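The exercises below are meant to be worked with the structure open beside the text. Try each task before reading its solution.

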Amino acid sequence: MTSISLYSLTLVPPSAVTSSVVGQFSGRRQQEVITASGSRIQLYRFDPSAGRLVLITSTEAFGIIRTIKPFRVAGSSKDCVIVGSDSGRIAILEYKTEQTRFVHVHLETFGKTGVRRVVPGQYLAVDPKGRATMIASVEKNKLVYILNRDTNANITISSPLEAHKPRSLLYAVTGLDVGYDNPIFAALEVDYSEADLDPSGQAYREVQKTLTYYQLDLGLNHVVRMWSDIVDRQSNLLMEVPGGADGPSGVLVCTEGYIVYRHMNKAVHRVPIPRRRTPYDDPSRKPIIVCGVMHKMKRDFFFLLQSDEGDLFKVTIDYNVRGVEALKIQYFDTVPVAISLNILKSGFLFAAAEGGSHNFYQFVQLGEESGEKEFVSTEYVKGDMSDYPAAYFYPRQLENLSLVHTMDTMNPLIDAKVDNLTGEDAPQIYALSGQGPRSSFRTMRNGLDVTEVVASELPGEPTAVWTTKLAAEDTFDAYIVLSFTNGTLVLSIGETVEEVTDSGFLSSTPTLAVQQVGDDSLVQVYPKGIRHISANKEVNEWEAPLHTMVVAATTNSKQVAVALSTSEIVYFELDDDGQLNEYQDRKEMGASVTSMSVGDVPEGKVRNSFLAVGCDDRTVHIVSLDPENTFESLSVQALTASPSTLRILSMPDSTFVDNSQLLDVSSTLYLHIGLYNGVYLRSVLDTITGQLSDTQTQFLGARPVKLFKVMAQDQPAILALSSRSWLAYTKDVNFMVTPLVYESLEFGDGFSSEQCEVGIVGIEGSNLRIFMINDLSENTKSDALPLAYTPRRMIRHPNRALFYVIESDNNTLAPDARQELLSTSRKQSDYEDLPAEEFGNPKFTEKWASCIEIVDPLSQEKPARIDLVDNEAAFSVTVCSFAASPRRREEEEEEEDRKASGDGEESAYLVVGTAKDLTLVPRRCGGGFLHVYKIVDEGRGLEFVHKTEVDDPPVAMTEFQGRLLVGVGRCLRIYDLGMKRLLRKCEYKSRNLNNIVTINVAHNRVIIGDIQQSVTYLVYRHADNKLLPLTDDVVARHTTCVTMLDYETVTGGDKFGNLWVLRCKEQVSRDADEDNGAQLLNARTYLDGAPSRLDMLAHFYVQDIPTSIQKTQLVPGGREVILYTGLQGTIGVLAPFVSHEDVDFFQQLETILRNEARPLAGRDHLIYRGSYVPVKSVIDGDLCEMYAMLPVDKKRSIAAELERTVREVERKVAGMRTRYAF
Amino acid sequence: MADKLRAQQQLEQLQTRYVGVGHADTTKQYGSHFFSQLEWLSNVQRDSLAAYIGHPAMLEHFSVALNEPQERVRVQFIDKMIQPCGPPKDKEEI
């Protein structure tokens, strides 16, 4: 058995928010939002000028973050966060502004690691005055920690105080606002001890939910159960009510259908949760509150509570010294259903959506003048709440809120395919994401998004473009200089772009370089010489010697160097009078010069002392320009091809900077080299000796690379042009080379004007294009095409750029069911549906809405949609050509006739597997169907052929040797196309299977993945028409997705967030294919399974649930990787290692980093990655990339331990990413 | 006898301290010990349900499948933890 080694990398982190909080985490007046998503903690700040939330920092915590809560100890001006995770520890984090990262202040162990029933971490509650916190588990355990601060203003934490209650389940917990009395925590609990003992079930039916107060006695240092009272059995959420001087104290208990105010020894106040007035109202569904937020203002407070349909309600309390007088509820607005809501003091609402984009709203008003009906608790005093008539409201568009910013997310990401439909260099990821009416079909590509400012047609095809200002102190560029093969055109930048005729430039010749030099003069280099134009248009010319031409030139504000066709270099320097003076000698290079570069003049110096010269003998020379040793060759580097461009440019770099000064990073001088073979190199150029070292390479495309210095978001960057346009820049501390999602340019330069301060100008064919780069922190761009319902699966047309997407939503009214209801209801037959994107589709228990849509990702349109009727829901889809069927043969004959008449269309069928009347919990189903559609109209239309009933919902299917292979429940069947229905040809059934969810085929091999029983390899035997199992797995993996790596090997993911690679024994595999006798047929089964077992090659826990997995190549010229997508929006890869040295190196680095870069929430990295099965043969690249974030001294010591330099380690880590992915 | 008593006491101590500690009659097999089997299965179910709630991705997985908000799914799961496998069998019946 050969082994494999994989390197795991996250390309797009999860975007689903688990919990979000607001507070002053950096200690400034401005409030910030912290979100926890997956294993990451992110800090966002609102940027009023851009009108959007800006990501400040994002930290990988290597642990499952389940909840976060902010708190502030008395007297402090800064909020901290407490994290409830799977680490069995309570972590208190502080945000360090100057380091832009989180550090843990306290990390106290209280229990076992992992997400367990009785280990606290699920719930967190904090005393509003920041004096104590309660961390609790779903069952039994509650721990209270006292928070305080010492004389040096450091936060202190006590040892835990127990408030356990065995055999009781916790639904919600919150801190009670009691002013400065002893802290109290309110908990919503159910005690099941009696129900567990009563065989009659009577006790279970009478189980009561209680609201219990736990008081922390600060004097006696213990926790007591202070008060307990019975509340509604369906209660689910607690909201704290301000106390002390600010309010009546107590809690709001949210339950199904209504909200109750409760407090110890105080009267109860109830208000109903209003329902939408629509004809589709399902009386069996009672609204619940899914999340809410309490907001305190100067003298007042209110609650915003969100119902399960997304409606926000404003709840206010009238109170006096004796207590609460009335509770009031009023419809506020409707926003997508959120996981958590946060109100910022500056008047904004952050709603972290359950599915789809997170929204950021501004409060326009607080609903006072809305005229919405208010429901008051004084009208709901006596009796049961169900005795009162239901409260109704009319949903409407936003009135009190206005949408400011949406944060695009991929959550939930349900299926993805990597394909190259556009014929670009790199493939695109086509993904299905979103939930319900907020779903979309996404086209994702690696690249920076740009905004085009100008695109204009030019009279000819220019070969080069420059922008230049007129004087050194100008802020904006004044001229755009275009060079054509036979002339030069100068345009002025202003309100309008006009041709300039008196610029002093020679217009009858092409240009090689343009530069603003000295205070206010310009230089134009052209093949026959150099033209120096002073401010008063006085021209000084230097002419190239007879019979020679200038072939390459480089300039900066003080220096000009040109290379002649005789391989000589002529060097000029600007003197104090602003005159260009030629250096007395010329440098003979020995080979013809292809390119040159002199860097910018460093601040405070008179010249740059290095000239880089590239020759066509595949070398780069660094030549000194210092007066002491002018033209002395300092170093030479050999290359794989001749350099096409050189660029000396320093870039921000953290390598040798102390971490505390990360904000003003120092720069390192680099020589950027573009080669004729499309490779881009970046070497460190030593500022003293001129030696080149630490070369990083990247393949950019098929054309010679041209490099240009531009600015991108206030940092110097390199625009690299090959068959695609790329930008090389620094992100955080990492060097990135990312393609631009834009036309491929031929030449470019920086651009700066009043309208567009930091832009880039480029030429593409005969077009002049000016654009800006939007955001350097996002290196993927996705275009979304909205879908009707939650997408389930998609399949591509066999040879056209079209996708067939099936969508289905549970508990939703389909259009036909809606029509039915509308026609029967007396009122509102002219009812107009609300836009589903904001308000959701009308919900109705046990109803399904489902459809098939055709998506054209290139034109971003949907040519056709078929709605399923009769409460059917689609779950699987495939394209099958039915090559072997008699019907098909008949058709083919017909087609041949047609072909003769010039009307040829390849005929393929779309097969959709549906379930009728499906209930998921408990699982019931009224049977399944296989719908067959003929693909017509070049793939843009579907023609219904027939449907076939099957006993279970078909969840997986694929084409297999010209027939259809379907997984129906625990059966695997082969169907062929008949005239009236599909015909069953072969069946395989096993007691070991529960529900087949994936099928992969290759030759005669069929690999099925079961929902609980991992994968089984089968072989199809033509002779006997039988499917025979040859090998299966020893672990019961709850498979979600599987793909084949080779004929023997599969990789897949399971429901618990693991990725694994399994391989069939070679002998077994060979025997199965060669065996023509009855060996397999008569093989002894082993423990009810197949005769042999699979070997596990690799295993890794990724936290997010893998939803699709594929073997693909992501970067042009790169190796193949395993790409997976996760439900919460993760996209990641497993890349194979090339050499054993690399494996050893990264293994060593990983081992060291496990100790040196301890995970933030206190989880042990090795145990985390082996949550279910110990990690095998996978190295965590995300951990290795933490190396770049470490303080310098730590970096040094780790590098020393690895016997490398810091740069080498960093380059190796960064190289792994660029080699395989982005 | 004293040893047996002490072992019994130790076990009881463990049972009160940790949730789900079994006893000599705990068995997964169907058969005569239906009472204990139910207890064992209930424990497994409760552990599973707590894990579904505790892993955010898993909760979302269920929520997307059921097309219900995560809060509703969460509450349903805790409700199910009260009695995941039906009422216990009467001891005398066995």
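**Exercise 1.** Which residue just after H3(B) takes a positive phi?

*Solution.* The model is a predicted one, and the backbone just beyond the end of H3(B) is the place to look. There Asn67(B) has a positive phi of about 55°.

**Exercise 2.** Determine how far H3(B) is enclosed, and name its buried residues.

*Solution.* A residue is taken as buried if 20 or more other C-beta atoms lie within 10 Å of its own. By this criterion Pro56(B), Ala57(B), Met58(B), Leu59(B), Glu60(B), His61(B), Ser63(B) and Val64(B) of H3(B) are buried. Since that amounts to 8 of the 11 residues of H3(B), the helix is largely enclosed by the rest of the structure.

**Exercise 3.** Describe how H3(B) and H4(B) pack against each other.

*Solution.* Two packed helices are described by the angle between their axes and the distance between the axes. For H3(B) and H4(B) the angle is about 110° and the axes are 9 Å apart. Angles of 65 to 115 degrees count as roughly perpendicular, and H3(B) is therefore roughly perpendicular to H4(B). On the H3(B) side the contact is made by Leu59(B), Glu60(B), Phe62(B), Ser63(B) and Leu66(B), and on the H4(B) side by Gln70(B), Val73(B) and Arg74(B). Sorted by class, this contact has 4 nonpolar, 2 polar and 2 charged residues.

**Exercise 4.** Which helix supplies the largest share of the side of chain B that touches chain A?

*Solution.* Begin with the whole contact, which takes 32 residues from chain B and 49 residues from chain A. On the chain B side, helix H2 (34–54), helix H3 (56–66) and helix H4 (70–82) each supply at least two residues. The largest share, 9 residues, comes from H3(B). Taken as a whole, the side of chain B that touches chain A divides into 17 nonpolar, 7 polar and 8 charged residues.

**Exercise 5.** Work out the strand order of the open sheet of 5 strands in chain A, and identify its edges.

*Solution.* The order is E88-E89-E90-E1-E91 in chain A, and the pairing is mixed. Strand E88 (1106–1113) and strand E91 (1178–1180) of chain A each have a single partner strand, so one side of each is left without a neighbour in the sheet. From one strand to the next the twist averages 30°. At the E91(A) edge, strand E1 (residues 6–12) of chain A runs parallel to E91(A) and is joined to it by 3 bridges, and Ser8(A) stands opposite Asp1180(A) in E91(A).

Technical notes: Residues numbered from 1 in each chain as written. Chains lettered and ligands numbered in written order. Predicted model: local features only at pLDDT ≥ 70, side-chain atom pairs only at ≥ 80, totals over all residues. Contact = placed C-beta atoms within 7 Å. Helix = DSSP H or I, 4+ residues; strand = E, 2+ residues; numbered from the N terminus. Nonpolar A, V, L, I, M, F, W, Y, C, P; charged D, E, K, R; others polar. Buried ≥ 20, exposed ≤ 12 C-beta atoms within 10 Å, placed from the backbone. Pairing = 2+ DSSP bridges. Axes fitted to C-alpha atoms, helices over the stretch in contact; angles between N-to-C directions. Parallel < 35°, antiparallel > 145°, perpendicular 65-115°, else oblique.
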